[in-house]
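This report concerns salt bridges and unusual backbone angles. Please keep the sequence and the structure in view while reading.

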Amino acid sequence: MLRSGALRLCPPGALRGPRGSASPPARESRPPPRSFASEAIRVDLSLPNPSWSKDMRLLFDQFMKKTEDGSWKRLPSYKYVSPQSTEVKTFFPDAKPVKGADMPQAQLFPRSLEEGRGFEYAMFHNHVENRTVCIFQGGPYLQGASGFLHGGAIATMMDSTLGACALRAGGVAMTANLNINFRRPIPLCSVVVINSQLDKVEGRKLFVSCNVQSVDGKTLHSEATSLFVKLNPKKV
């Protein structure tokens, strides 16, 4: 049975590595980063690791079960991503993104913190229903008010989940508007479920909404509406 989002200590792996070291444990076979463009092996960071709590693992297993009939698909997640500068410059010709070769240490923000210390999450998408679900565990480096997750951290994950939903509906898109209502604070190191869905499409505009709930579904922590704009003219 899944526990509610009650305040509790972080899972041991989130704070301490093997043999009592201060560093969190690394995923097996993770290679050292080489560069933004030439990383030899891409490691999927949306898979379970020692910092995940029991709730996180149970939810992950439940959604993996749903993928067996093809109705849901797990979305892989990596620390390094290829920039979409071509699409961005189509609609923002004066934009000057930094090239990967000029900043090899650039990483995807939600994957930039040490394992177990920040954003631990996995996303699943249902193409027929145009829904994306994210299971999220916020680590000790994401504290806002004492003992609770920072509002900016949950906003980051809401935007990421909404963006994943928009991406699969209309291709490369950027956030144009994000309106969040925070209902109840989220205990640090607890697990929540972010449910997003595509509400409507108007030309290049994608309207997507989401809510953040406790694992037992009894507590509504946050909800949001958003507008994304497609950047690929072929997807209009």
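A residue is called buried when its relative accessible area is under 20%, exposed when this area is over 50%, and partly exposed in between, using a 1.4 Å probe and protein chains only. The model discussed here is predicted, so local features need a pLDDT of at least 70 and side-chain atom pairs count only at pLDDT 80 or more, while totals for chains, interfaces and linings use all residues. Residues are numbered from 1 along each chain as its sequence is written, and side-chain values use heavy atoms, with hydrogens and water left out.

**Salt bridges**

A salt bridge is defined as a side-chain nitrogen of Lys or Arg within 4 Å of a carboxyl oxygen of Asp or Glu. How many salt bridges does the structure hold? There are six, and the table lists three pairs, among them the one between D44 and R74.

| Pair | N to O distance |
|---|---|
| D44 and R74 | 2.7 Å |
| E68 and K65 | 3.6 Å |
| E202 and K200 | 3.3 Å |

Helices (H or I, at least four residues) and strands (E, at least two) are DSSP runs, numbered from the N terminus. In the salt bridge of D44 with R74, D44 belongs to the loop between α1 (12–15) and α2 (54–66), whereas R74 belongs to strand β1 (residues 73–75), so the pair ties together parts that are 30 residues apart in sequence. D44 has a relative accessible area of 13% and is therefore buried.

The pair E68 and K65 involves exposed residues: E68 has a relative accessibility of 59%, and K65 has one of 56%. In the pair E202 and K200, E202 is partly exposed at 41%, and K200 is likewise partly exposed at 41%.

**Positive phi angles**

Most residues other than glycine have a negative phi. Which residue in the loop between β2 (119–126) and β3 (131–138) calls for attention here? That residue is N130, which has a positive phi of about 55° although it is not a glycine. N130 is partly exposed, with a relative accessible area of 25%.

C189 also has a positive phi, of about 70°, and is not a glycine. This residue is located in the loop between β4 (173–182) and β5 (191–202). Is C189 buried or exposed? Its relative accessible area is 2%, so C189 is buried.
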